[in-house]
Amino acid sequence: MLSRVAENLYWMARYIERAEDTARLLSVNTHLMLDLPRHLPLGWAPLIEMTGTLDAFNARHTSFDERSVMHFLCADAENGSSILSALASARENLRTTRDVVPREIWEEVNQLYLSVADHAENGVSPRRRDAFLKNVIRGCQTLTGLIEGTLSHGPARTFIKLGRQLERADMTTRIVDVRSASLLPQNPEELLPFENLQWMSVLKSLTAYQMYRQQVRLRVRGPDVLRFLLQDPHLPRSIACSLETLGHELQLLPRQDRVAATVSLVRADVVDADIQALAHSPSKLHAFVDELQIGFAAIHDTLSATYFVNGDGVPRVTQRQTQSHVGDHDND
């Protein structure tokens, strides 16, 4: 497979995963804000932090009000992490390589983008928001199903899965980091009655609530949620599972030794983490997530240097605060 084709498929998968994850975040946060008392200082700012777009948002907006955040993350064409931009980038990456995938996959990507663009042009009003976000989530899940059910096992499928799993692990760490911080405000007594509700929202943001209840069989508690989302080997969106899948897919490619070794090192850090210590120290948890983000950047850079035409092996991310998403791709 040509390296440019492999790179485009990898980024197509990352952008589709990004659009789905962002839509789910917005949907869950909308319902959480309705369930919590208005005086609790949670708001919409954490969503900007999760997507790593704080500087870009502040450059164009003066407050983290609901309308500004929703437009910025749903329909702002200048925000590379918005749902509209992610789907536009996915469409463009696939457009130039669509001959290597079944036609149905291209048609679904194209149709999803056009639908979102139409909504964006007309504005995503609060009344239409729920239907809009559900449409994005279901469209992205339909694409995942089409890829799994129609694309032959080969290099194209492998690079798509690599992109999806790395983007998924990246978003999971962001959600865990930012939401965990919001559960530790200056006045613990005030938020204590709602701690359970907020940890539930963390799980729902990753479609993990029901699986958590089946697996853990206890009330929703912070340390148990962290352990489940970081280390559970069976949850598709846990970091350990995503990295395990990455490692498995890499075995299907030639020259995978360096990338596989990097994945193994990052996964070992996750599996060996002391969850109790992280759960009781926000600073330790934040530092741990920063190290994971650096590890994800190393995986991306090694992968790029090994397989992609523009790979130079030079890490492009050293601090999580300066990135939008790990190794963001600029289309030609």
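**A helical chain, its core and its hollows**

Just past helix α10, Thr207 takes a positive phi of about 50°. That is a handy place to start on this predicted model, since the helix just before Thr207 comes up again further on. Helix α10 itself covers residues 195–205, and a good part of it is tucked away: Gln198, Trp199, Met200, Ser201, Val202, Leu203 and Ser205 are buried there.

Stepping back to the whole chain, the secondary structure comes to 16 helices and 0 strands. Of the 332 residues, 55% count as buried. The accessible surface adds up to about 15,100 Å², and carbon and sulfur atoms account for 51% of that area. As for how the chain meets itself, take the contacts between residues at least 6 apart in sequence: 67% of these join residues that are at least 24 apart.

The largest nonpolar core holds 94 residues, and the members that touch the most others are Ile83, Leu229, Leu243 and Phe296. Helix α1, running from residue 3 to 35, gives the most to this core, with 13 residues. Helix α1 turns up again around the hollow spaces described next, as it supplies lining to the second largest pocket and to the largest cavity.

The second largest pocket takes in about 360 Å³ of space. Its lining is made up of 16 residues, and those nearest the centre are Arg24, Ser27, Val28, His31 and Lys204. At least two lining residues come from each of α1, α7 (126–150) and α10. The largest share belongs to α1, which puts in 6 residues. Sorted by class, this lining is a mixed bag, with 6 charged, 5 polar and 5 nonpolar residues.

Closed-off space is a shorter story. A search of the whole structure turns up 1 cavity of 30 Å³ or more. The largest cavity has a volume of about 50 Å³, and the residues around it are Ala13, Ile16, Glu17, Leu143, Thr144, Ile147, Ile160 and Arg164. Two or more of these lining residues come from each of α1, α7 and α8 (155–182). By class, the cavity lining counts 5 nonpolar, 1 polar and 2 charged residues. Helices α1 and α7 thus appear in the linings of both the second largest pocket and the largest cavity.

Two single positions round off the picture. Ser85 sits in helix α5, which spans residues 83–95. Ser85 counts as buried because its relative accessibility is 9%, and the cut-off for buried is under 20%. Setting aside its neighbours within four places in sequence, Ser85 is in contact with Asp76, Ala77, Asn79 and Gly80. Ile83, one of the residues that touch the most other members of the largest nonpolar core, also falls within the span of α5.

Asn58, by contrast, belongs to helix α3 (residues 54–60). With a relative accessibility of 40%, Asn58 counts as partly exposed, because that value lies between the 20% limit for buried and the 50% limit for exposed. Ile48 is 10 residues away from Asn58 along the chain, and the C-alpha atoms of the two are separated by 9.8 Å.

Definitions and conventions. Residues numbered from 1 in each chain as written. Predicted model: local features only at pLDDT ≥ 70, side-chain atom pairs only at ≥ 80, totals over all residues. Heavy atoms only, no water. Core = buried A, V, L, I, M, F, W, Y, C linked by side-chain atoms within 4.5 Å. Buried < 20%, exposed > 50% of the residue type's maximum accessible area, 1.4 Å probe, protein only. Helix = DSSP H or I, 4+ residues; strand = E, 2+ residues; numbered from the N terminus. Contact = heavy atoms within 4.5 Å. 1 Å grid on protein atoms, 1.4 Å probe; cavity = no way out; pocket = protein on both sides within 12 Å on 5 of 7 lines; lining within 4 Å. Points joined across faces, edges and corners; volume = space filled by probe spheres on them. Nonpolar A, V, L, I, M, F, W, Y, C, P; charged D, E, K, R; others polar. Areas by Shrake-Rupley, 256 points an atom, 1.4 Å probe, with all protein chains shown as cover.
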